[in-house]
Amino acid sequence: PQTGRLALYLLGLRATCPPPKPHRALVTWLKYYLEEDWTGSRRHGHPLTNYYQYGLGVLALCVHHKRVREEVIRRLLAAQHRGRLGHSAVDTEAVLALAFTCLERRRLVGAELAAELRATVRRVSRSMAQAQGPEGIIGNIYSTPWALQVFLATGTCHTEPAYGQAMAALLENLDDFNTAPTMAQVLPVLHGHSYLDIASMRCQEELDTLTPLDVEPPTEAPGNKTVRLVVECAQPWCLELQLYNRQVSTAATASLLDVLWAATAQEPRFTFDTQDTPQGPYLTQVLGLEARQEKRNYWQLLTSPSTPLLMGIADYIPHDGETLILRLSEW
């Protein structure tokens, strides 16, 4: 199900103050996708996509003033309480906190459930403040805008010291937000807003300020580069740690995803697979080894010797001579 992508589209559409008729059918589709997505929870213990995308779907429905079944909300609460949200927990907890806050404030749930949602959001806000690193970053630099949105939505930004420190870290690293999805997360925060504010926009007061922007296409850098690609399995059931170690030649402007495709062309035994997410392709399988949420493992992306990459495979541009490590790890 295209849960996360459609949810983000509907959030963006609502923010542009459109006439009501064109997007009513899309809201109905989102409700359908959420039901389809949730069938995976009954079978596997989690949605077919992931809790991040599902939380975005619940948030988008709430912003459009649509109810969500109480059974679904309680399952999301249970997953949050039991720590089953996945390895990118800051992003997912933040999205769920925004969705829970929206449901409670729009009075789309009963009084008892609303009290549970409020208590959960307070716990999430406190845990994010405690998870802040010494440089002010919460989770990683791309998770930080989500955490800031929670502080803004709950009104704790004026009393929580972590807010100012995280905002300072964000301002120092704005160059990292150079794709549409990451810019969409950081721009509301820079203006003191969260996605929750879309629900209360007064569209009659909004000016039509959207104008097309002519952007010159970037000129391609000539030449090629060679990077070393290493695949490791850090799981106890793997017979050896290093499964693959080869040099891969590709264009100078190639992303990590391009490097993976070049590796498949260079050596047919090298295989990989991805899953589409709102943040771009997510690596799910390499050399036949699949990362599974129910097994609490994922493909960690590193640059040698052990520096985690903070960008996705389609966004990171390795430099010539760099060693990239794909490591199957636990979260």
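## Close-up views of a predicted model

**View 1. Helix 10 lies across strand 1, strand 2, strand 6 and strand 8**. Welcome to this predicted model, where helix 10 runs at about 105° to strand 2. The helix spans residues 256-266, and its buried residues are Leu 256, Leu 257, Val 259, Leu 260, Ala 262 and Ala 263. What covers these buried residues includes strand 1 (224-233), strand 2 (242-251), strand 6 (297-303) and strand 8 (323-330). Strand 3 and strand 4 are also part of that cover.

**View 2. Five strands form an open sheet with mixed pairing**. Follow the strands across the sheet and you will meet them in the order 2-1-8-6-7. Strand 2 and strand 7 (307-308) are the edge strands, each pairing on one side only. Further in, strand 1 and strand 8 run parallel and are joined by six bridges. To find your place along strand 8, look for Ile 325, which has Val 230 standing opposite.

**View 3. Three strands make up an open antiparallel sheet**. Here the order is 3-4-5. The edges belong to strand 3 (272-277) and strand 5 (289-290), and each of these pairs on one side only. Strand 4 covers residues 280-286 and pairs with strand 5 in the antiparallel sense over two bridges. A handy landmark is Val 286, whose bridge partner in strand 5 is Leu 289. As a reminder for this view and the previous one, strands of a sheet pair through backbone hydrogen bonds, either parallel or antiparallel.

**View 4. A disulfide joins Cys 62 to Cys 102**. A search of the whole structure finds one disulfide, and the S to S distance between Cys 62 and Cys 102 is 2.0 Å. The link is left-handed, with -95° about the S-S bond. Cys 62 lies in helix 3 (residues 51-63) and Cys 102 in helix 5 (residues 89-105), so the pair ties together parts that are 40 residues apart in sequence. Are these two cysteines buried or exposed? Cys 62 counts as buried because its relative accessibility is 0%, under the 20% cut-off. Cys 102 is buried too, with a relative accessible area of 2%. Another cysteine worth a glance is Cys 157, which has a relative accessible area of 14% and is therefore buried, since the cut-off is 20%.

**View 5. Helix 7 and helix 8 cross at roughly 145°**. The axes of helix 7 (residues 144-154) and helix 8 come within 10 Å, and the crossing is left-handed. On the helix 7 side, the contact is made by Thr 144, Pro 145, Leu 148, Phe 151 and Leu 152. Helix 8 contributes Ala 162, Tyr 163, Ala 166, Met 167 and Leu 170. How do the residues of this contact divide into nonpolar, polar and charged? Nine are nonpolar, one is polar and none is charged.

**View 6. Asn 178 sits in the loop between helix 8 and helix 9**. The loop follows helix 8 (161-172) and leads to helix 9 (180-190). Which residues does Asn 178 contact, leaving aside its neighbours within four places in sequence? The partners of Asn 178 are Met 183 and Met 311. While you are here, look for Asp 315 as well: Asn 178 and Asp 315 are 137 residues apart along the chain, and their C-alpha atoms are separated by 8.9 Å.

Note on methods. Residues are numbered from 1 along each chain as its sequence is written. This is a predicted model: local features need pLDDT of at least 70, side-chain atom pairs count only at pLDDT 80 or more; totals for chains, interfaces and linings use all residues. Side-chain values use heavy atoms; hydrogens and water are left out. A disulfide is a pair of cysteine sulfur atoms within 2.5 Å. Helices (H or I, at least four residues) and strands (E, at least two) are DSSP runs, numbered from the N terminus. Buried means under 20% relative accessible area, exposed over 50%, partly exposed in between (1.4 Å probe, protein chains only). Two strands pair if DSSP finds at least two bridges between them. Contact means heavy atoms within 4.5 Å. Axes are lines fitted to C-alpha atoms, for helices over the stretch in contact, and angles run from 0 to 180 degrees between N-to-C directions. A crossing is left-handed if the near helix is turned anticlockwise from the far one by less than a right angle, and right-handed if clockwise. Ala, Val, Leu, Ile, Met, Phe, Trp, Tyr, Cys and Pro count as nonpolar, Asp, Glu, Lys and Arg as charged, and the others, Gly among them, as polar.
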